[in-house]
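Me: I would like to learn how to read salt bridges in a protein model. Could you take me through them slowly?

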Amino acid sequence: VAGVYLSASATLYRHLGFSVTKLGGTSSSLLTVSNLQLLLTDPPQAEDKALLLTGGRDLPSDIDGLLVRPLSPELDIENSEVTHSNGVVRAEALVIRSPDWQRTKSAFERLGIMEAKAREDIYP
């Protein structure tokens, strides 16, 4: 998982102290930290969130109902040099809530995306 697509205002993220780059000729902006990219689209689109995946293989259209979009090759770049006035340098975690966490976990594992950290306090 290289990032997240969100139908959200880039202005909000700028006010929160993030450096956001407007993508020419589109209504999209890119927010990057060293390990994650947020592709922001303003105004809100019908598809309001999706995971951004990389890889040459055929990507599924969704993972257990969560939409998937390929990360465009021109956006798949190293961004360790981007600085944000709020001091953020990386994302700690990507949390996905599901009504059936075992099914969702299995769907990710079938694609080779393994759970990095299990929270014992939330599993039934």
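Reply: What follows is a short conversation about the salt bridges here. This is a predicted model, in which local features need pLDDT of at least 70, side-chain atom pairs count only at pLDDT 80 or more, and totals for chains, interfaces and linings use all residues. Residues are numbered from 1 along each chain as its sequence is written, and side-chain values use heavy atoms, with hydrogens and water left out.

Me: How many salt bridges does a search of the whole structure find?

Reply: A salt bridge is a side-chain nitrogen of Lys or Arg within 4 Å of a carboxyl oxygen of Asp or Glu, and the search of the whole structure finds 3 of them.

Me: Which parts of the chain does the pair Asp-64 and Arg-103 link?

Reply: The side chains of Asp-64 and Arg-103 meet at 2.6 Å, N to O. This pair links distant parts of the chain, 39 residues apart, with Asp-64 in the loop between strand S6 (62-63) and strand S7 (66-70) and Arg-103 in helix H2 (residues 101-110); helices (H or I, at least four residues) and strands (E, at least two) are DSSP runs, numbered from the N terminus.

Me: Is Asp-64 buried, partly exposed or exposed?

Reply: Buried means under 20% relative accessible area, exposed over 50%, and partly exposed in between (1.4 Å probe, protein chains only), so Asp-64, at 28%, counts as partly exposed.

Me: Which residues are joined into one network?

Reply: Glu-115 and Lys-105 form a salt bridge at 3.4 Å, N to O, while Lys-105 also meets Glu-109 at 3.9 Å, N to O. Salt bridges that share partners thus join Lys-105, Glu-109 and Glu-115 into one network.
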